[in-house]
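This report walks through a single protein chain for a reader meeting it here, moving from an internal space to the sheets, the helices and some details of the backbone. Please keep the structure in view while reading.

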Amino acid sequence: MRLVLLGPPGAGKGTQARALGALWNIPQIASGDLLRSVVGDGSELGKQAHRYMDRGQLVPDELVLKLIGDRLGQDDARGGFILDGFPRNVAQAEALSGMLKRAGTRVDRAVAVIVPDEEIVRRISGRRTCKNCAAMYHVSFEPPHKSGICDKCGGELYQRADDAEGTVRERLKVYAGTTRPLFDHYGRHGLLKQIDGVGRTDEVEKRILEALDGLLPPAKAGAKA
Ligand code: AMP
């Protein structure tokens with residue numbers, strides 16, 4: 001399964017991608033996580049990326065494509081993957097098709113998770129992330145047992161600078177102007193399904209699975225690929 005999850009920041013793509021990745025035993029590849037790890041290494045490239053991310057703007061394609069290209073080339077991604085947060089514009093989508101074509105594969109489906117803007121702002125501005133293991137919580141909807149501490153690893157929880165309300169609104173603007181056109185792009189290729197992203201995690205997962213109808217389950221698909 002080579003799945004692209006589209007949708008605004010905070011639509012729950014990360015949660016769904018992790019759950020489905022575990023279900024199918026394929027990696028969830030999140031461009032935001034890859035970029036945050038470059039930022040974390042303190043390199044000049046990381047500092048440059050950080051400036052865009054803090055403002056809620058897209059990091060230049062060149063860096064993102066390099067990170068994604070390297071990640072897709074790793075062994076665990078050969079049998080399939082779930083992309084979360086990538087592609088974010090048409091140029092990235094075209095670059096992705098090119099990379100996959102060279103490897104003799106293609107995107108099987110793009111599923112867009114639809115969530116209204118006000119719900120996104122509510123979700124993201126309450127979001128807290130573990131500094132250590134990147135697990136996510138929400139101060140109202142999914143609080144940790146002990147305030148400010150990760151249940152999974154005991155790490156410290158913090159609010160990402162780009163999760164503050166003003167930046168979330170900027171990210172939504174970028175999404176509407178730059179990422180939303182991907183609906184047409186994947187629609188034209190007959191690959192797009194849109195699902196409602198409001199509801200419990202298991203309900204949204206069920207809708208994604210329904211949107212994948214007709215695609216072989218991963219074990220059989222792997223055997224054919
Ligand atoms: P995310 O964790 O997906 O919400 O991404 C956080 C930030 O990383 C975004 O607001 C962008 O600044 C940057 N970013 C993530 N993915 C991409 C991408 N595919 N292209 C450009 N910038 C990205």
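## The enclosed space

The largest cavity has a volume of about 70 Å³, and the model in which it is found is a predicted one. Rolling a probe the size of a water molecule over the atoms shows where empty space is left. Counting cavities of 30 Å³ or more gives 1 cavity. Its lining is made up of 13 residues, and those nearest the centre of the largest cavity are Gly7, Lys13, Gly85, Arg88 and Thr179. By class, the lining of the largest cavity comprises 8 nonpolar, 3 polar and 2 charged residues. Strand E1 (2-6) and helix H7 (165-179) each contribute at least two residues to this lining, and E1 gives the most, with 3 residues.

## The chain as a whole

The protein chain holds 10 helices and 8 strands. Its C-alpha atoms fill a box of roughly 45 × 40 × 35 Å along the principal axes. For 225 residues a compact globule would have a radius of gyration near 17 Å, and because the protein chain has 17 Å, the two agree.

## Two sheets

Strands of a sheet pair through backbone hydrogen bonds, either parallel or antiparallel. Both kinds of pairing can be followed here, as the table sets out.

| Open sheet | Order | Pairing |
|---|---|---|
| 5 strands | E2-E3-E1-E4-E8 | parallel |
| 3 strands | E6-E5-E7 | antiparallel |

In the open sheet of 5 strands, which has the order E2-E3-E1-E4-E8, strand E2 (28-30) and strand E8 (192-196) stand at the edges, and since each has a single partner strand, one side of each is left without a neighbour in the sheet. From one strand to the next, the twist of this sheet averages 25°. E2 pairs with strand E3 (residues 81-84) in the parallel sense over 3 bridges, and Ile29 has Leu83 in E3 as its bridge partner. Helix H1 (residues 13-24) packs on this sheet, where it touches E1, E2 and E3, and the direction of H1 makes about 175° with that of E3.

The open sheet of 3 strands runs in the order E6-E5-E7; here strand E6 (136-138) and strand E7 (157-158) are the edge strands, each with a single partner strand, so that one side of each lacks a neighbour in the sheet. Strand E5 (residues 127-130) and E7 pair in the antiparallel sense over 2 bridges, and Cys130 stands opposite Leu157 in E7. Helix H6 (residues 117-125) lies across E5 and E6, at about 40° to E5.

## A helix pair

Two packed helices are described by the angle between their axes and the distance between the axes. H7 packs with helix H8 (residues 181-188) at an angle of about 35°, their axes being 5 Å apart. On the side of H7 the contact is made by Tyr175, Ala176, Gly177, Thr178 and Thr179, while H8 brings Pro181, Leu182 and Phe183. The contact of H7 with H8 has 5 nonpolar, 3 polar and no charged residues. Thr179 of H7 thus appears in this contact and also among the residues nearest the centre of the largest cavity.

## Backbone details

Which peptide bond is cis, with omega near -5°? That description belongs to the bond from Phe86 to Pro87, and Pro87 lies in the loop between E3 and helix H5 (90-102). Asn25, although not a glycine, has a positive phi of about 60°, and Asn25 is located in the loop between H1 and E2.

Conventions
Residues numbered from 1 in each chain as written. Predicted model: local features only at pLDDT ≥ 70, side-chain atom pairs only at ≥ 80, totals over all residues. Heavy atoms only, no water. 1 Å grid on protein atoms, 1.4 Å probe; cavity = no way out; pocket = protein on both sides within 12 Å on 5 of 7 lines; lining within 4 Å. Points joined across faces, edges and corners; volume = space filled by probe spheres on them. Helix = DSSP H or I, 4+ residues; strand = E, 2+ residues; numbered from the N terminus. Nonpolar A, V, L, I, M, F, W, Y, C, P; charged D, E, K, R; others polar. Pairing = 2+ DSSP bridges. Contact = heavy atoms within 4.5 Å. Axes fitted to C-alpha atoms, helices over the stretch in contact; angles between N-to-C directions. Rg over C-alpha atoms; globule rule 2.2 N^0.38 Å.
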